[in-house]
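Student: I'm new to this one. Could you walk me through how to read it?
Tutor: Sure, let's have a look together.

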Amino acid sequence: MLNLRNLFQKLNSSLLTNSIWGVVSNILQNILFSVFFIVLARQYTKDDFANYVIANTVYSFILGFSSLGLGHWFIRELINTDHKKKLIDKFFKIQLYSGIFFYLVNIAMAYSLYQSPLVRNLSLLIGINIIFDNIIYVIKYINIARQEQRKSFIILTIEAFLKFLVACILFVYPVHIVYLSVFLIALRLITLNLFIRYGSSNDIH
């Protein structure tokens, strides 16, 4: 009876800690992302900002399909299997190949729906994030399965803050919207490396 009580207390403590981290992290990220878009709206022309929003919307729409909704399946299998490394490698490959496929879908969709060269160029750049996001998706669900979401929350909050700092550069030096997208991709690559090095518990190299 005592063991069950201790287990229940540990679960409650873990759930409470993860919930607090999640709430605080999401609030900070939403605030920083909102300020980021406000800065872009004020610093770029209506056409440039509209084209960026269109390319970002196409990317966000495709991103909703790219992970194939396999996160909960992965958590269930990871908890129950004795071959965790093999399962993680399998899930990683699925997400990587899916990310590449949906990146191509993103490009095809942008080129078929829009004639604007800027929208197409931005889609080529911003769409790369689909591949990065799918890899990060794997690590985030590893952390969920191991009750280590705090790692994901910290890294994503750092990314949101760095993204805000990139936007602040526009107050000092005007940057073309395409170059800004390149900077943001570099920032996403840094986030990916942080996830792999510090957020994956050495499960992914």
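Tutor: Helices and strands here are DSSP runs, numbered from the N terminus: a helix is H or I over at least four residues, a strand E over at least two. This is a predicted model, where local features need pLDDT of at least 70, side-chain atom pairs count only at pLDDT 80 or more, and totals for chains, interfaces and linings use all residues. Residues are numbered from 1 along each chain as its sequence is written, and side-chain values use heavy atoms, with hydrogens and water left out.

Student: How many helices and strands does the chain have?
Tutor: There are eight helices and zero strands.

Student: Is α5 mostly covered or uncovered?
Tutor: Buried means under 20% relative accessible area, exposed over 50%, and partly exposed in between, using a 1.4 Å probe and protein chains only. In α5 (residues 117-126), seven of the 10 residues are buried, among them Leu118, Arg120 and Ile126.

Student: Which helices do those buried residues pack against?
Tutor: Contact means heavy atoms within 4.5 Å. The buried residues of α5 pack against α2 (46-66), α4 (84-113), α6 (129-145) and α8 (177-199).

Student: Which residues of α3 meet α6?
Tutor: Gly71, His72, Phe74, Ile75 and Leu78 in α3 do, and their partners in α6 include Tyr137 and Ile142. For classes, Ala, Val, Leu, Ile, Met, Phe, Trp, Tyr, Cys and Pro count as nonpolar, Asp, Glu, Lys and Arg as charged, and the others, Gly among them, as polar. By that scheme, the contact of α3 with α6 has nine nonpolar, two polar and no charged residues.
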